[in-house]
Amino acid sequence: MDTNLVEMFRAGLNWVTMALDAPSARVVLFGVRIQWHIFVEVLLGFVIVILLSQKSYKPPKRPLTEQEIDELCDEWVPEPLIPPITEDMMHEPPVLESAAGPHTTVNGKDVVNFASANYLGLIGHEKLLESCTSALEKYGVGSCGPRGFYGTIDVHLDCETRISKFLGTPDTILYSYGLSTMFSTIPCFCKKGDIIVADEGVHWGIQNGLQLSRSTIVYFKHNDMDSLRSTLEKIMTKNKRSKNLRRYIVAEAVYQNSGQIAPLDEIVKLKEKYKFRVILDESNSFGVLGRSGRGLAEHHGVPIEKIDVVTAAMGHALATEGGFCTGNARIIDYQRLSSSGYVFSASLPPYLASAAITAIDVIDQNPDLLVKMKQNIALLWKGLKDIKGMSLASDPESPIVFLKLEKSSGSTKDDLILLEKMADRALKEDSLLVVSSKKSFLDKCRLPVGIKLLVSAGHSESDLIKVSESLKRLTSELLL
């Protein structure tokens with residue numbers, strides 16, 4: 001029996017020895033042959049299995065004492081719900097005490113108003129007031145429901161039809177709020193992974209729409225077609241996947257932050273060359289640009305069907321509220337199901353839709369309003385062309401006349417303080433309501449700040465001379 005055990009032990013030892021002497025059981029490290037590594041590897045494997053099977057150490061649970069709870073509460077500092085309020089955020093704008101027409105009332109005093117986008121002077125127009133009154137008597141004030149849930153009233157459909165007829169587009173959709181038109185339309189069509197090439201000077205409503213879309217955003221220099229061309233070229237040549245992605249160019253017809261007019265003819269050429277779609281905001285050009293006020297397409301002689309998506313707020317030239325998107329019928333129908341601002345918002349109050357229809361009729365029937373506005377723009381340019389310390393930075397045909405500082409302090413905050421001081425003195429000393437291009441801290445636009453003058457057909461020649469002389473006097477006192 002003992003002999004058999006000894007033989008079995010020797011046989012097992014010989015097997016282990018053979019296994020360890022095998023070539024696969026040898027490791028050469030820095031020229032030295034190391035054996036027994038299999039034994040070590042097996043041993044380490046057992047150790048790893050044992051460690052993994054053990055429960056991790058956790059300190060014993062016990063309830064906190066009252067003293068510990070009080071200490072933790074004393075140490076806790078909650079995150080603020082709002083950012084710190086700085087001095088420049090506490091600026092209070094003048095409060096209007098009457099209609100925002102060419103003349104208005106501030107602090108009980110009659111002032112000339114260059115701060116409201118009442119481009120055609122339709123605020124308070126007799127026909128608009130009659131239209132609103134009759135609509136209020138028929139429909140009441142609000143609609144109390146979104147368009148898709150019993151909030152559609154016949155006057156909404158009439159307004160959409162009237163806008164389409166005026167612009168020569170197949171279909172139109174109404175929005176309840178002008179600013180929401182852009183930040184609902186953009187994310188409706190632009191999704192994550194898409195490419196949007198946008199002008200760096202677009203207003204906050206467009207910026208918000210770009211952010212909500214979660215698309216890849218690339219900015220080009222403000223109203224610079226060479227920059228746009230190089231940006232499109234770079235995207236198409238360096239990004240191999242771009243040909244398979246949806247691609248958009250986003251611009252304003254008249255830029256709210258600078259008064260510049262977009263060169264639509266060049267944008268369309270680049271769009272067709274690089275196969276992009278164009279989304280154009282006509283909030284400050286609808287009813288203003290072109291021979292009959294039909295916007296940027298008429299101004300440049302470009303067929304409107306060349307623009308894929310056209311949006312506009314109705315709170316400017318039309319002197320009402322709300323907004324619209326117009327274009328191809330399929331583009332419009334898609335928004336009725338997928339645009340958050342349309343689907344989930346109560347529809348436009350009927351009297352505002354009625355006022356918009358009447359305003360378009362007034363524009364069609366009174367081309368002299370557009371002529372008068374353009375004459376006023378030219379007269380204001382003439383009066384400000386020799387202003388010292390500031391320069392005209394807007395387009396000569398734009399209703400937004402923009403004056404920027406010739407010599408910046410290097411600090412946007414300090415420049416704004418100086419411009420607001422100028423605007424305050426114009427109001428107090430000359431009864432003129434003008435505004436600086438002060439932006440919200442949410443606004444990411446980095447264009448130079450300045451003074452904005454919004455010209456109306458309702459301004460008289462004496463109003464324009466008055467504001468020119470006032471600003472020239474103030475710039476000579478504050479800037480020179």
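User: Happy to start with a helix pair: at what angle do H15 and H17 pack?

Analyst: Good place to begin, and keep in mind that this is a predicted model. H15 covers residues 367-384 and H17 covers residues 461-478, with the two axes 9 Å apart. Angles under 35 degrees count as roughly parallel, and H15 is therefore roughly parallel to H17. The packing angle itself is about 30°.

User: Which residues of H17 does H15 meet, and what classes make up the contact?

Analyst: From H15, the residues involved are Asn376, Leu379, Leu380, Gly383 and Leu384. On the H17 side they meet Glu461, Leu464, Val467, Ser468, Leu471 and Lys472. By class, this contact of H15 with H17 has two charged, three polar and six nonpolar residues.

User: And which hand does the crossing of H15 and H17 have, left or right?

Analyst: The two helices here are again H15, residues 367-384, and H17, residues 461-478. Their crossing is right-handed.

User: Which strands does H15 lie across, and at what angle does H15 run to E13?

Analyst: H15 lies across E12, E13 and E16. Those three strands belong to an open sheet of four, in the order E12-E13-E16-E15. Relative to E13, H15 runs at about 20°.

User: Which strands are at the edges of that four-stranded sheet?

Analyst: The order E12-E13-E16-E15 belongs to an open sheet with antiparallel pairing. An edge strand here pairs on one side only. The strands that fit are E12 (390-392) and E15 (435-436).

User: How many bridges link E13 and E16, and what is the partner of Leu403?

Analyst: E13 spans residues 400-405 and E16 spans residues 450-454, and they pair in the antiparallel sense. The pairing runs over five bridges. Within E16, the bridge partner of Leu403 is Ile451.

User: Moving to the other sheet, what is the order of the strands with E3, E4 and E14, and what kind of pairing is found?

Analyst: Let's take the two pairings in turn. E3 (residues 103-106) and E4 (residues 109-113) run antiparallel, joined by four bridges. E4 and E14 (residues 432-433) pair in the parallel sense over two bridges. The open sheet has the order E3-E4-E14, with E3 and E14 as its edge strands, and its pairing is mixed.

User: Which residues are the bridge partners of Val106, Thr105 and Val112?

Analyst: Val106 has its partner in E4, namely Lys109. Thr105 also has a partner in E4, and that is Asp110. For Val112 the partner lies in E14 and is Leu432.

User: Which residue in the hairpin of E3 and E4 takes a positive phi, and is that residue buried or exposed?

Analyst: The hairpin has two residues between the strands, and Asn107 takes the positive phi, near 55°. Most residues other than glycine have a negative phi. Asn107 is a residue other than glycine with a positive value, located in the loop between E3 and E4. Exposed means over 50% relative accessible area, so at 69% Asn107 counts as exposed.

User: Where is Cys144 found, and what is its phi?

Analyst: Cys144 sits in the loop between H4 (126-139) and H5 (147-151). The residue is exposed, with a relative accessible area of 81%. Although Cys144 is not a glycine, it has a positive phi of about 60°.

User: Is Lys271 buried or exposed, and which residues does Lys271 touch?

Analyst: Lys271 is found in H10, residues 264-274. Buried means under 20% relative accessible area, so with 11% Lys271 is buried. Not counting residues up to four places away in sequence, Lys271 touches Ile249, Phe276, Arg277, Val278, Lys306 and Asp308.

User: What separates the C-alpha atoms of Leu129 and Ala355?

Analyst: Leu129 has its place in H4 and counts as partly exposed, at 48% relative accessibility. Along the chain, Leu129 and Ala355 are 226 residues apart. Their C-alpha atoms are separated by 7.8 Å.

User: To finish, how many helices and strands are there, and what percentage of the residues is buried?

Analyst: The chain has 17 helices and 16 strands. Among contacts with a separation of 6 or more, residues 24 or more positions apart account for 68%. Of the 480 residues in the chain, the buried share is 46%.

Note on methods: Residues are numbered from 1 along each chain as its sequence is written. This is a predicted model: local features need pLDDT of at least 70, side-chain atom pairs count only at pLDDT 80 or more; totals for chains, interfaces and linings use all residues. Side-chain values use heavy atoms; hydrogens and water are left out. Axes are lines fitted to C-alpha atoms, for helices over the stretch in contact, and angles run from 0 to 180 degrees between N-to-C directions. Angles under 35 degrees count as roughly parallel, over 145 as roughly antiparallel, 65 to 115 as roughly perpendicular and the rest as oblique. A crossing is left-handed if the near helix is turned anticlockwise from the far one by less than a right angle, and right-handed if clockwise. Contact means heavy atoms within 4.5 Å. Ala, Val, Leu, Ile, Met, Phe, Trp, Tyr, Cys and Pro count as nonpolar, Asp, Glu, Lys and Arg as charged, and the others, Gly among them, as polar. Two strands pair if DSSP finds at least two bridges between them. Buried means under 20% relative accessible area, exposed over 50%, partly exposed in between (1.4 Å probe, protein chains only).
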